[in-house]
Amino acid sequence: MISIGVCAFAQPAANAPTTTAYANYIDEIIERDGLCVRRVEPVELVDVLADLKVLLTIGEGTLPESMTDWVAGGGRWISIAGVCGLPEVLGVEALPPAYALWGAGACTLGEGYLQPEPENHVLTEHIEIPLHFFNGIAARATTGKVIARCLSRHGKVTDRAGIVENRHGNGSALFIAVDVTGTIVRIQQGTPVTRDGAPSPDGTGPSSDNVLKSDDGQVLDWEFDRSVVPGAPGLMAFLHPVADMWREVIDRALLYCAREANAPLPLVWRWPRNLPAVAAMSHDSDLNEPENAALMLQTLKELGIRTTWCLMHPGLPAETVRAIESDGHELAFHYDAMSDGCPWSEEEFVRQYEGLRAEYGCSPVTNKNHYLRWEGDTEFYDWLIRRGFQMDQCKGASKTGEAGFNFGTTGPFFPVDKAGERLDVLEAPTITQDLCIFAPPEIAEPLRNAVLKSHGLLHHLFHPAHIAKPGVADALKACVNDARTAGMEWWTFARLNEWERARRMVRWTDCDSLVSETEIDDVAVLIPDDKGDTQRWGFTFRSSVISLKPGETAHLKQEQRQ
Ligand SMILES: [Zn+2]
């Protein structure tokens, strides 16, 4: 029996103020982090509540009359951006709008930052900078203990609660004021790109350059969301994956409540063989110089890694591409909507894509646009999906001062359209470009550490066009070796795509059994255990590694006895 339920309430009627957006994105969070929880529809709650030990709700809705007694009897309730008519259980009071007028309703939280209280709590101990959010519900703590407060979007202290914990009888409630799902989607995808974005105030992120790129839609803050790059005076970068840290708030809240309620919450770990994180390298074929491509191939051979080559059409000589392929590297696509005669249009995208296929006889699954070009909202993902692409790298940094997680995540993640429907292409952001050219090599260490901490993907882009320049090859080698020393493996994006999709097909049928829809090896299952040797998200687990055939069910207790 899976005793942890997750319930997303429907949005209020059109024209009423909302405190949450993309509540169903909780499925992406659950799937990516392999959490053993069950989705419960609001209408089912009345029947299943008694079987649950932990319930997470998103938004405002009506809970069963038995809810108060359920918490008092030992249940753990996590409420995201909703009070659900039970402020005394949550230990908070919802604040009214500052002035009651036409169209009033819930007091929206707007944009701001979550500031954890100084005393450590497992929910917030991973948060190193005030955590940027977009909307939620404005509330103040009454009987509850404040774990984090809200700062305004200008960093000013407010009386608004961010996270509140409240004991209620034998159970407890966690109130998270922030619209966590809406925040994650907004940061990961940004806003639609129709004009240049506002550049950074220090000259290092001049996105106002008459070229529309994904960075023109980034929503993170140049001052509050960037940090100084140690060893590179004057340079600030997005060193903290803000959206991933919000995902982790959910993971930690569920793990914490599960432990309190003595409910099992095992995970299908993100990476095979319990790896802490994975690294991948891409190369864009700009300039198409065969000598530099050969030098890059030689460098990669010495390192023994396979990488992803994003190729332009027309591009490198066929024999160079054959050499890339025979060394085991991935042939990917580099759509050029930048050069003269190469407009941003689906027709042009298809012309270049078909040209590449004819030129090299390849069927790429991964794409990155030249200059990280981007226009519109999610239409480009539709172009990709229609041609069978499954992985994209267009969200990212095109200026030095944008380096790091300017879309708040290490990736990969599934984006959603305006209506919240999942788009079937994984986005793996380009967090930096050539070390020594685009960004100083000093940035490698904080990026690697952030990826390790969030157990994500370390994506380095190196252009063959720069490999012969002073320091670049050495920086590339150091970056590969340092990631290996830290326990990461180097994969192609095609492999990453295959793994991520296969792993998400391993599903919990009970808290001690899983079934897979596909053949998969090396799946790491993590079970909370204080005597274990694996630390993830503030908790201790023991791990076991299993292989599954399609339709096969694995029973964990039997696995552990072997
Ligand atoms: Zn390029």
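Visitor: Where is Asn-288 found?
Guide: Asn-288 is in the loop between β15 (278-284) and α7. Bear in mind that this is a predicted model.

Visitor: Why does Asn-288 count as buried?
Guide: Buried means under 20% relative accessible area. Asn-288 comes in at 18%, so it counts as buried.

Visitor: And which residues does Asn-288 touch?
Guide: Leaving out residues up to four places away in sequence, Asn-288 touches Met-312, Pro-314, Gly-315 and Leu-316. One of those, Pro-314, sits in the loop between β16 and α8. The peptide bond leading from His-313 into Pro-314 is cis, with omega near -10°. There's a second cis case, between Gly-411 and Pro-412, with omega about -10°.

Visitor: What about the phi of Asn-288?
Guide: It's near 55°, a positive value in a residue other than glycine. Asn-210 does something along those lines, with phi near 60°. Asn-210 lies in the loop between α5 (180-189) and β12.

Visitor: What makes Asn-210 exposed?
Guide: Exposed starts over 50% relative accessible area. Asn-210 has 75%, so exposed is the word for it. Gly-234, in the loop between β12 (227-228) and β13 (236-237), has 65%, so the word fits there too.

Visitor: Why is Asp-482 called partly exposed?
Guide: The label covers what falls between under 20% and over 50%. Asp-482 has a relative accessible area of 35%, so it is partly exposed. You'll find Asp-482 in helix α12.

Visitor: How do you know which way α7 runs relative to α12?
Guide: The two axes cross at roughly 25° and come within 11 Å. Angles under 35 degrees count as roughly parallel, so α7 is roughly parallel to α12. The crossing of α7 past α12 is right-handed. On the α7 side, Met-296, Thr-299, Glu-302 and Leu-303 take part, and they meet α12 residues including Leu-476, Val-480 and Arg-484.

Visitor: What puts the buried residues of α8 on the same side?
Guide: The buried residues of helix α8 (residues 318-326) are Thr-320, Val-321 and Ile-324. They cover an arc of only 95° around the axis, and so they share one side of α8. The face turned away from that buried side carries the exposed residues Glu-319, Arg-322 and Ser-326. As for the cover over the buried ones, it includes α7 (290-303), β16 (308-311), β17 (330-335) and α9 (346-360). Just after α8, Gly-328 takes a positive phi of about 90°.

Visitor: How many disulfides does a search of the whole structure find?
Guide: Zero. Take Cys-84: the nearest cysteine sulfur, that of Cys-7, is 8.7 Å away. A disulfide needs the sulfur atoms within 2.5 Å, so Cys-84 is in no disulfide.

Visitor: What rules out a bond for Cys-479?
Guide: The closest cysteine sulfur, in Cys-436, is 11 Å from that of Cys-479, which is too far for a bond.

Visitor: Are Cys-84 and Cys-479 buried or exposed?
Guide: Cys-84 has a relative accessible area of 8%, so it is buried. Cys-479 is at 4%, so it counts as buried as well.

Technical notes
Residues numbered from 1 in each chain as written. Predicted model: local features only at pLDDT ≥ 70, side-chain atom pairs only at ≥ 80, totals over all residues. Heavy atoms only, no water. Buried < 20%, exposed > 50% of the residue type's maximum accessible area, 1.4 Å probe, protein only. Helix = DSSP H or I, 4+ residues; strand = E, 2+ residues; numbered from the N terminus. Arc of directions from axis to C-beta. Contact = heavy atoms within 4.5 Å. Axes fitted to C-alpha atoms, helices over the stretch in contact; angles between N-to-C directions. Parallel < 35°, antiparallel > 145°, perpendicular 65-115°, else oblique. Left-handed = near helix turned anticlockwise from the far one by under 90°.
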